[in-house]
Amino acid sequence: MSRKNKDRLRSSAPPVSATMQSQESSGLSYVVPTEFVELPSRGRYYSEDHPLHNKEVVEIRHMTAKDEDILTSRSLLKKGLAIDRLIQSVLVEKTFDVDSMLVGDKNAILVQSRIHAYGADYQTQALCPACSTPGSNNFDLDDVGLNYGDDWGELNVSGPTEQGTYLVGLPKSGLTAEVRLLTGYDEKHVMKIIENRRKHKLSETPVTTQMKQFVVSVDGHTERSQLNNFIENMPTLDAQYLRVAYNKIVPNIDMTLPYSCAECGTESRLEVPFTADFFWPNR
Ligand SMILES: [Zn+2]
């Protein structure tokens with residue numbers, strides 16, 4: 001498998017020894033090691049007053065028993081807050097809200113923290129792309145790559161604009177969609193809408209709900225009701241194209257890993273899902 005265009009998640013920044021966490025000067029102390037994680041955004045898109053503005057790496061400390069408490073707290077899990085609390089906890093610099101981080105940057109921290117805590121072996125269920133049989137597979141998280149969001153191939157994409165948005169030419173309608181990157185806040189908002197719809201027994205609309213969050217204009221039209229109407233009635237071809245383009249634009253980790261199917265023997269690569277096995281292995 002060629003990796004020549006694939007950047008490694010683990011940062012090439014020098015190993016840390018001088019910047020370890022300060023300790024109480026009591027008798028029994030263990031210095032928690034820290035490490036730098038490369039941000040897929042490379043600090044672009046953060047406003048000048050954000051601590052991550054133009055920061056290519058962020059320093060995290062390795063997970064401790066305290067962090068496991070966070071992950072096993074039922075009340076936090078219920079609110080879906082455990083993951084955010086974990087990120088907040090491992091960040092050495094706590095001068096910003098985790099919700100203000102780009103989704104891909106949060107993911108990079110999660111994968112690196114997982115590797116420190118439980119190792120790179122990630123055993124979980126996945127669906128074989130060839131025969132659709134579910135199977136358990138051992139994925140190697142050390143092979144997770146980085147997508148900086150600037151390789152769009154042949155797609156009709158331009159940007160960033162002055163607002164940090166991107167323009168995507170839609171093939172069927174010929175219209176231009178302007179998209180923005182989502183932060184933790186936006187992600188939470190999407191989750192809330194999806195949860196609300198579930199509560200009210202409305203049909204689930206994960207695709208359009210997310211699209212409504214990241215599309216900021218279509219052919220210059222910015223009025224929300226018009227945009228929502230357009231998104232709901234968008235030709236399937238355009239919707240698919242927009243999704244593919246958006247995934248290329250968003251700086252993120254690349255969780256596409258090799259998978260071998262026990263059923264049909266096909267060797268393929270697939271987008272590895274984040275399941276409970278990610279932070280709760282073998283429980
Ligand atoms: Zn198969």
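The following exchange examines helices, buried residues and backbone geometry in a predicted model.

Local features in this predicted model need pLDDT of at least 70 and side-chain atom pairs count only at pLDDT 80 or more, while totals for chains, interfaces and linings use all residues. Residues are numbered from 1 along each chain as its sequence is written, and side-chain values use heavy atoms, with hydrogens and water left out.

Trainee: How far apart are the end C-alpha atoms of helix H4?

Mentor: Helices are DSSP runs of H or I with at least four residues, strands are runs of E with at least two, and both are numbered from the N terminus. The expected span of a helix is 1.5 Å times one less than its number of residues. For the 16 residues of H4 (residues 103-118) the expected span is therefore 22 Å, and the end C-alpha atoms agree with this, being apart by 22 Å.

Trainee: How many residues of H4 are buried?

Mentor: Buried means under 20% relative accessible area, exposed means over 50%, and partly exposed lies in between (1.4 Å probe, protein chains only). H4 is mostly covered, and glycine 119, with a positive phi near 90°, follows this helix. Of the 16 residues of H4, the number buried is 14.

Trainee: Is valine 90 buried or exposed?

Mentor: Valine 90 is found in helix H3 (residues 82-90). Contact means heavy atoms within 4.5 Å, and beyond four places in sequence valine 90 touches residues including Glu59, Ile60, Ile109 and Ser113. The C-alpha atoms of valine 90 and isoleucine 109 are separated by 8.7 Å, with their positions 19 residues apart along the chain. Because its relative accessibility is 0%, valine 90 counts as buried.

Trainee: Which residues have the most contacts inside the largest nonpolar core?

Mentor: A nonpolar core is a set of buried Ala, Val, Leu, Ile, Met, Phe, Trp, Tyr and Cys residues joined through side-chain atoms within 4.5 Å. The largest such core has 65 residues. Beyond four places in sequence, valine 168 touches Leu175, Val179, Leu242 and Ile249, among others. The residues with the most contacts inside the core are Val168, Val179 and Leu242.

Trainee: At what angle do the axes of helix H6 and helix H7 cross?

Mentor: Axes are lines fitted to C-alpha atoms, for helices over the stretch in contact, and angles run from 0 to 180 degrees between N-to-C directions. Thr208, Met211 and Lys212 in H6 meet Arg224, Asn228, Ile231 and Glu232 in H7. The axes of H6 (residues 206-214) and H7 (residues 224-232) come within 10 Å and cross at roughly 140°.

Trainee: What is the relative accessible area of glutamine 213?

Mentor: Glutamine 213 has its place in helix H6, whose buried residues also include Thr209, Met211 and Phe214. Leaving aside neighbours within four places in sequence, glutamine 213 is in contact with Arg180, Leu182, Asp186, His189, Val190 and Ile193. Glutamine 213 is buried, its relative accessible area being 14%.

Trainee: Which residue does a cis peptide bond join to glycine 159?

Mentor: Most peptide bonds are trans. Here omega is about 0°, and the partner is found in the loop between strand E7 (157-158) and strand E8 (166-169). The residue joined to glycine 159 is proline 160.

Trainee: What is the phi of tyrosine 45?

Mentor: Most residues other than glycine have a negative phi. Tyrosine 45 is found in the loop between E2 and E3 and counts as partly exposed at 27% relative accessibility. Its phi is positive, near 80°.
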